[in-house]
Structures are given as C-alpha cells and as structure tokens.
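Me: Please take a close look at one part of this structure for me, the charged side chains and how they pair up. After that, I'd be glad to hear about a helix contact as well.

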Amino acid sequence: LALVASHPVNGVAAIHSKLIKETIFKEFHDIWPEKFQNKTNGVTQRRWLAQCNPPLNRLITETLGTEAWITHLDLLKGLAAHAEDETFQQKWAEVKVEAKAKLASLLKDLTGDDLNMDAIFDVQVKRIHEYKRQFMNILSVALRYDRIKSMTEKEKEEVVPRVVIIGGKAAPGYDMAKRIIKLISAVSETVNNDPDVGDLLKVYFVPDYNVSLAEVIVPGSDLNQQISTAGTEASGTSNMKFAMNGSLIIGTMDGANVEIAEEIGEENMFIFGVGAQEVPALRSQREYLQVDPQFQHAVNLIQNGHFGWADYFSPLIESITGSRDWYLLANDFESYLDAQERVDQEWRDKASWTRKSILSTAGSGKFSSDRTIHEYAEDIWGVEPLPPTIPE
C-alpha cells in the first residue's frame, strides 16, 4: 500500500535497490519502473570523524591544508597522494595508537584488563541478529582459541595477537539473539582466563552498546567485521564510520560494502563469501552440503560443552544444521577463515596495513550524509538549499 501511494520508492544501497526491483517488488517495478531509485546511505563526518577522532581530524587538516573536508568530505581523496609516504604513514600510525589507547582505557574500566596494544583490535558492533552473523564470528574465535591451545610455545611466537570486541543490542523478544550474546560471553570467560593463551587472544562483549561507546570504539579499531549473508543487509552504516577512521573491513559483498569496495578498492578490504545471486540456490541445496571440517570442529566445541551451557546453546547449533542454516554460515566459513588468515598476514607488514588504512579514509568521501540528503532533496523532495542570511 505504501509503495502504491508513494511517488518514489528507494533502496538505501545500490545492491539493495537492485534486489527490491528484482525480488520483493518485481511486479510493481514492472508496472512503475520510473518510481524506483537508489539513495545510498551516509553518515555525518562531523560526529563520526571530526568530533570523535580529534587527532585524526588534526592530521587530515594539516595534510590537506584546509578544514573544508569537514563540510566537503570528497576532499578526503587528497590523502591518497600521501599513502606511500613513510613520514605520513608514521604520523598516521601514531594517531591510530592514540585512538587504540583510548579504547584500551575504556575496556580496562569495563573489565579491569590491560590490553596488548600490539594486537589487532578486531571489532563487530551492531544490532545482534542472525543475518549479521555474530555467531559466525564467535565460532571462528572458538576455533582460533582451540588452535592456540594446541600449539607449542615456539609456534605461539608466530601468532598474531587479537583482541576481539563485540557489542550491540538485541530486540527484547529475540530469543536467538540473546543466546548468541550468552555464547559470546561464555567464550570470553573461558578464553580470557586461560593462561595458556595469555595475550594472544582476548574476547569482550561490550555491555550497553551506544553512540558514546561507539565514538571511542570506532576510532580505536584496526579491523571491523561487516559479515552479513550477501543480500540481507540493506546498507549498513557502521562500515562507513569505520572506513572513515581508517579501520580495515573484513566483509561480504553486501549492502554498502559493495560501493565502499568501488571507492577504496577491493584490494584494501578483506572480502569473502558467496554473492547475493548465489544465495537462493545454496539455500535450497544446504541440507546436502558437505560442511568444512573446521566448521564442524568449531560447532563441536560449543555442542560438547567446552564453553559450558551446552543445553542452552543447542538451539543455536540446530539453527545452523542442514537446511536450517538459512544464513549460510557453513557455506561461507572456510572463505571467512581464509580472509582472517589474510588479515594476519597483512598485519605483519605494517607499511602495507597503514597504506590500506589511509586509502580507506581517502575513499570515504562518497559516504557523507550530506551527499545522501542532497540526492533526496534534488531527486525526491524537490527542494533547494537555502543559505542562512546574516542579520545586518
């Protein structure tokens, strides 16, 4: 009814707009193709870069020679010319350390733990939902933990340390989301108290996630996870906030990740997983899939009570078994682990990592809400800017 009564209909990312025309609103699109538009979401750089990350704000302004980027975000592309400069890379890395220290201080206040500042700060903060696949994240963490436990002391010397930070709220009646939160907490309790693992792996669920916490978490992250099943995320906006702050994305080609890859370069992200066009067929064939042994081992660790609460977690296990694995965790798991291995390899090359971080910020100009609002005003609302008048 809303679609019939509205003069335009828009998705909020290119892939989302394409999917609504081809799937749920196909018949309407056949009748009224002129109604359908795309308006990719954006975020305000005033809050999500200039305000929440003052050191990076100052470095960008110093490098570009102007503060105009705060209102014209496309000017960030000027940073790309400095991405290979060793002196600039050093300044960029120092700014990142400052932001990480602020996040480490926040987590110390919440948990009492001192974090390893040489570790990758690996973040997934967003609403808890099965399609966003926090469950896949924590399964990989359980597997990483198990691998470290089986290593010799010599082998442990080669491990890239990780601090895994997960946060987000769940709808009050969303039972499965609550179980995912409990699983994250259970894995955290086991991992963080195991002396065999030490600083090589830590896991934290940040309670009461909100904007104020995000203003510390986003600048302080090295890696952010945007790992929804392809075709399920309308857009996402945390991916934009993280990219603006030079945090590298590990993710699927879903939502705005597709356009972020176009802007910053897929080679500067860690992309994995099946494409949206493959999902329907894979769902129909899921019960016949020969699952990856690593996936099954991670599932067995949960199912066999390694982290306690085995009975409470059994509905989670059932939700990713056979045809019930609607969000294709088993299909994407091996590819996800391969992407995580690429993350570890890249982290060892600090110059390359920093270069990718700079290019992430440099390519973020499109993702300002200023651009989004301008497109709505021009293409849908039919209004023009009205500059403020200064009283005489």
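Reply: **Charged pairs, buried and exposed**

Arg162 and Asp122 are both buried. Happily, these two residues have each other: they form a salt bridge whose closest N and O atoms are 2.6 Å apart. Keep in mind that this is a predicted model, so treat the distances here as computed values. The bridge ties together distant parts of the chain, since Arg162 belongs to strand E4 (residues 162–167) and Asp122 to strand E3 (residues 120–125), with their positions 40 residues apart. The pair also has company, because a salt-bridge network links Asp122, Arg144, Arg162 and Asp344.

As a general point, side chains of opposite charge can pair when their charged atoms come close. Over the whole structure, a search finds 24 salt bridges. Two others make a nice contrast with the buried pair.

One of them joins the side chains of Asp196 and Lys149, at 2.9 Å from N to O. This bridge, too, connects distant parts of the chain: Asp196 sits in the loop between helix H9 (175–192) and strand E5 (201–206), while Lys149 is in helix H7 (residues 134–149), 47 residues apart. Asp196 has a relative accessible area of 39%, so this residue is partly exposed. Lys149 comes to 34% and therefore also counts as partly exposed.

The other is between Lys154 and Glu157, whose side chains meet at 3.9 Å, N to O. Here Lys154 is exposed, with a relative accessible area of 61%, and Glu157 counts as exposed at 55%.

Now for the helix contact. Helices H16 (residues 329–347) and H17 (residues 350–362) pack with their axes 7 Å apart and at an angle of about 110°, so the two are roughly perpendicular to each other. From H16, the contact uses Val343, Glu346 and Trp347; from H17, it uses Lys350, Ser352, Trp353 and Lys356. Sorted by class, that contact has three nonpolar, one polar and three charged residues.

Thr354 is worth a stop while you are in H17, where this residue is placed. Its relative accessibility is 10%, so Thr354 counts as buried. A polar atom of the Thr354 side chain lies 2.8 Å from the backbone oxygen of Lys350. Leaving aside residues up to four places away in sequence, Thr354 touches Gln89 and Trp92. As for Leu115, 239 residues away along the chain, its C-alpha atom is separated from that of Thr354 by 21 Å.

Technical notes. Residues are numbered from 1 along each chain as its sequence is written. This is a predicted model: local features need pLDDT of at least 70, side-chain atom pairs count only at pLDDT 80 or more; totals for chains, interfaces and linings use all residues. Side-chain values use heavy atoms; hydrogens and water are left out. Axes are lines fitted to C-alpha atoms, for helices over the stretch in contact, and angles run from 0 to 180 degrees between N-to-C directions. Helices (H or I, at least four residues) and strands (E, at least two) are DSSP runs, numbered from the N terminus. Angles under 35 degrees count as roughly parallel, over 145 as roughly antiparallel, 65 to 115 as roughly perpendicular and the rest as oblique. Contact means heavy atoms within 4.5 Å. Ala, Val, Leu, Ile, Met, Phe, Trp, Tyr, Cys and Pro count as nonpolar, Asp, Glu, Lys and Arg as charged, and the others, Gly among them, as polar. Buried means under 20% relative accessible area, exposed over 50%, partly exposed in between (1.4 Å probe, protein chains only). A polar contact is a pair of N or O atoms within 3.5 Å; within protein, one must be able to donate a hydrogen and the other to accept it, and residues adjacent in sequence count only if both atoms are side-chain atoms. A salt bridge is a side-chain nitrogen of Lys or Arg within 4 Å of a carboxyl oxygen of Asp or Glu.
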